[in-house]
Amino acid sequence: MWSLPAAFPPLLLLLLLGQTPPSRLQSLSTMKLRLVGPGSRPEEGRLEVLHQGQWGTVCDDDFALQEATVACRQLGFEAALTWAHSAKYGPGEGPIWLDNVHCVGTESSLDQCRSNGWGVSDCSHSEDVGVVCHPQRQRGYLSERVSNALGPQGRRLEEVRLKPILASAKRQSLVTEGAVEVKYEGHWRQVCDQGWTGNNSRVVCGMLGFPSEAPVVSHHYRKVWNSKMKDPKSRLKSLTKKNSFWIHRVNCLGTEPHMANCQVQVAPAQGKLRPACPGGMHAVVSCVAGPRFRPLKEKPGSKESWAEETRVRLRSGAQVGEGRVEVLRNRRWGTVCDHGWNLISASVVCRQLGFGSAREALFGAQLGQALGPIHLSEVRCGGYERTLSDCPSLEGSQSGCQHDNDAAVRCNIPNLGFQDQVRLAGGRSPEEGVVEVQVDVNGVQRWGAVCSDHWGLSEAMVACRQLGLGFANHAIKDTWYWQGTPGAGEVVMSGVHCSGTELALQQCQRHGPVHCSHGAGHFSAGVSCTDSAADLVLNAQLVQETAYLEDRPLSQLYCAHEENCLSRSADRMDWPYGHRRLLRFSSQIHNLGRADFRPKTGRHSWIWHQCHRHYHSIEVFTHYDLLTLNGSKVAEGHKASFCLEDTSCPTGMQRRYACANFGEQGVTVGCWDTYRHDIDCQWVDITDVGPGDYIFQVVVNPKLEVAESDFSNNVMRCRCKYDGQRVWLHDCRTGDRGPP
């Protein structure tokens with residue numbers, strides 16, 4: 001009998017006894033987890049691990065709260081609430097990758113914990129562990145992307161497209177019907193129609209930017225297919241005999257955001273030498289385009305569907321089909337909290353708005369914050385709901401959410417090819433330059449410049465959107481310092497006027513025959529694009545609470561009169577005798593965007609006003625108007641930004657802009673600029689207005705001089721009642737362009 005020395009390493013002892021020591025798994029940054037199971041809650045389910053390209057489960061032996069906490073943090077959640085044993089979320093398939101996992105609780109990844117090692121387990125799938133995470137996402141966990149949800153097998157399935165077969169489909173500028181083709185490992189394959197379902201079609205249409213699928217008249221396609229199979233010279237006939245031509249089988253639930261999330265069998269089961277699609281043909285799908293993408297001649301949808309669409313909207317997105325999600329409840333727009341927000345719920349929003357499925361569900365106010373109510377939290381869509389309001393959810397006011405939890409979405413939209421019809425040339429970076437467009441000139445496609453007459457920020461916004469470069473930072477009329485593409489200097493588009501919502505410059509109003517007052521060359525239109533922008537929003541509640549009347553003596557209004565802050569009738573008064581009746585109020589303007597709001601021009605261009613002894617960085621920063629109920633203006637005022645600064649910022653954030661000592665002016669992201677009711681020009685002169693019911697309106701950045709991610713919330717309107725002596729403002733709202 002031999003004995004071991006006291007210092008004999010315990011690791012060697014285990015090896016001699018034939019036991020495997022607990023191990024720490026390798027590849028710390030590459031280990032991938034997911035939660036799987038019935039239901040759509042993103043924060044709970046069966047815990048699965050990706051190893052060697054295959055998903056497997058974790059055994060519940062020794063699994064406890066500290067292990068669940070590590071897994072939840074790795075998945076992007078704040079913490080774990082509990083764990084579930086005995087395959088509560090259903091038994092998994094494939095290998096049981098981990099067993100006897102032991103974590104301290106401070107690890108950043110499950111592969112930093114000890115376990116038996118990869119695939120070393122004495123468990124069955126009836127012991128698969130599940131976890132329940134806290135729905136609050138970690139700071140820095142920004143979104144759930146389709147690409148992040150795919151394993152190596154799924155990422156090999158790259159794209160989907162429809163190949164038009166019938167002559168009627170080939171004539172359409174937007175392909176909505178055709179044979180399904182899948183790009184797998186860099187090569188396009190067709191999908192066998194055997195076992196093809198409407199759920200599969202729904203997923204394909206969603207990926208291509210279409211909200212729904214339509215029935216296919218299959219006998220037309222079968223007839224075309226059969227004729228090609230009978231043709232001995234048909235290339236298709238020879239290709240179909242190769243399994244590399246086919247995707248063998250697809251099985252989707254219909255709620256998946258990408259076909260790679262479905263069960264996809266590329267080839268028949270291994271070991272069976274049989275064709276991939278015996279007796280079948282390619283799967284054919286017909287999609288229904290959303291209202292925004294239908295040809296003008298098509299009839300609009302029903303009033304019911306239009307009403308559903310108008311109860312949800314996207315704000316502050318650079319591209320069509322992306323933005324912060326807002327819903328309409330009790331005549332007020334409010335946001336959705338990101339607790340529980342996922343791709344399935346985001347896809348319901350996208351389809352409701354006439355887009356395809358969601359390609360990204362964003363958390364943490366990634367597309368800007370809003371003011372006002374938070375209507376919904378813990379939204380739990382199953383994926384087939386027609387509207388977001390059909391999904392189970394909690395009241396946002398009871399969730400403890402703040403606007404830094406505002407949820408957002410990026411939707412799939414149809415590819416109309418507009419991005420290939422515009423380019424920038426001559427800039428110092430890919431985000432700036434002379435705008436060059438491709439248009440039809442006498443039946444020939446030609447590249448050329450855009451006339452800068454009437455070129456402004458709305459047109460530049462459309463150009464940057466079409467280019468896929470975000471927002472316009474500047475609309476440039478004088479581009480002499482940029483060299484355009486040789487041969488593309490001639491002006492081919494003039495008189496461009498965009499509302500700002502178009503997908504492409506080609507959709508904006510423009511001259512028929514080109515007419516440019518200064519010709520081509522140095523004065524062609526240019527842009528500078530940026531991926532983020534400011535977003536100014538007026539605090540409507542403060543306006544409502546601070547409004548009052550003042551009869552102010554003319555002797556105290558000389559400076560205000562010089563700066564045109566009084567009605568024209570003040571010119572005819574016997575100065576300094578008499579007074580003006582002023583509707584005064586305070587305004588608080590928040591920057592809720594993702595970039596600082598800065599004046600368009602630098603300090604060298606600011607204008608000095610001697611009377612008030614200050615600089616105006618923006619000559620007209622706000623318009624104040626009193627309107628009749630039908631919109632006619634009866635009184636007006638304006639406010640120059642004589643001191644655009646950070647009056648206040650949230651706790652922990654430093655003020656960056658201050659006007660003292662000729663300082664830099666602007667409003668930092670998250671901060672606000674306050675104009676008190678008792679400073680000059682912070683009013684509307686209503687001396688000439690009679691008693692009655694009116695609309696009080698404030699417009700921020702009225703001339704669109706500075707780029708913002710959302711101009712629709714620059715208008716605030718209130719109901720106003722004036723009895724000749726007193727005034728009442730009520731029902732003040734921001735962002736609604738119609739009467740409140």
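Visitor: How many cavities of 30 Å³ or more does a search of the whole structure find?
Guide: Keep in mind that this is a predicted model. The search covers the whole structure and counts cavities of 30 Å³ or more. The number found is 3.

Visitor: Which helix gives the most to the lining of the second largest cavity?
Guide: This cavity has a volume of about 50 Å³. Its lining includes Ile344, Ser347, Val348 and Arg351, and these numbers fall within residues 343–352. With 4 residues, the top contributor is helix 9.

Visitor: By class, how many charged residues does the lining of the second largest cavity have?
Guide: Among the lining residues are Arg202, Glu256 and Arg351, and Arg and Glu both count as charged. The lining also has 3 nonpolar and 4 polar residues. For charged residues, the count is 3.

Visitor: Is helix 9 mostly covered or mostly exposed?
Guide: Let's look along the helix, where a residue is buried if its relative accessible area is under 20%. The buried ones include Leu343, Ser347, Val348 and Arg351. In total, 9 of the 10 residues of helix 9 are buried, and the helix is mostly covered.

Visitor: Which residue with a positive phi follows helix 9?
Guide: Helix 9 spans residues 343–352, and we want a residue that comes after it. The phi there is near 90°. That residue is Gly354.

Visitor: Why is strand 17 largely enclosed by the rest of the structure?
Guide: Strand 17 covers residues 284–288. Strand 11 pairs with strand 17 in the antiparallel sense, and so does strand 13. Strand 17 is largely enclosed because the number of its 5 residues that are buried is 4.

Visitor: Which residue of strand 17 stands opposite Glu177?
Guide: Glu177 belongs to strand 11, residues 177–184, which pairs with strand 17 over 3 bridges. Strand 13, residues 212–214, also pairs with strand 17 over 3 bridges, and there Ala214 stands opposite Ser286. The residue opposite Glu177 is again Ser286.

Visitor: What percentage of the residues of the protein count as buried?
Guide: The protein has 740 residues, with 12 helices and 43 strands. The share that counts as buried is 51%.

Visitor: Over which residues is the pLDDT below 50?
Guide: Across the protein the mean pLDDT is 86, and 89% of residues reach 70 or more. One stretch falls below 50, though it has 33 contacts in the model beyond near neighbours in sequence. Where pLDDT is low, the predicted coordinates should not be read in detail. The stretch to treat this way is residues 1–30.

Definitions and conventions:
Residues are numbered from 1 along each chain as its sequence is written. This is a predicted model: local features need pLDDT of at least 70, side-chain atom pairs count only at pLDDT 80 or more; totals for chains, interfaces and linings use all residues. Side-chain values use heavy atoms; hydrogens and water are left out. pLDDT is the predictor's confidence in each residue, from 0 to 100. Contact means heavy atoms within 4.5 Å. Buried means under 20% relative accessible area, exposed over 50%, partly exposed in between (1.4 Å probe, protein chains only). Helices (H or I, at least four residues) and strands (E, at least two) are DSSP runs, numbered from the N terminus. Two strands pair if DSSP finds at least two bridges between them. On a 1 Å grid over the protein atoms alone, a cavity is a set of points where a 1.4 Å probe fits but cannot get out, and a pocket is an open set with protein on both sides within 12 Å along at least five of seven lines; lining residues have an atom within 4 Å of a point. Grid points are joined across faces, edges and corners, and a volume is the space filled by probe spheres set on the points.
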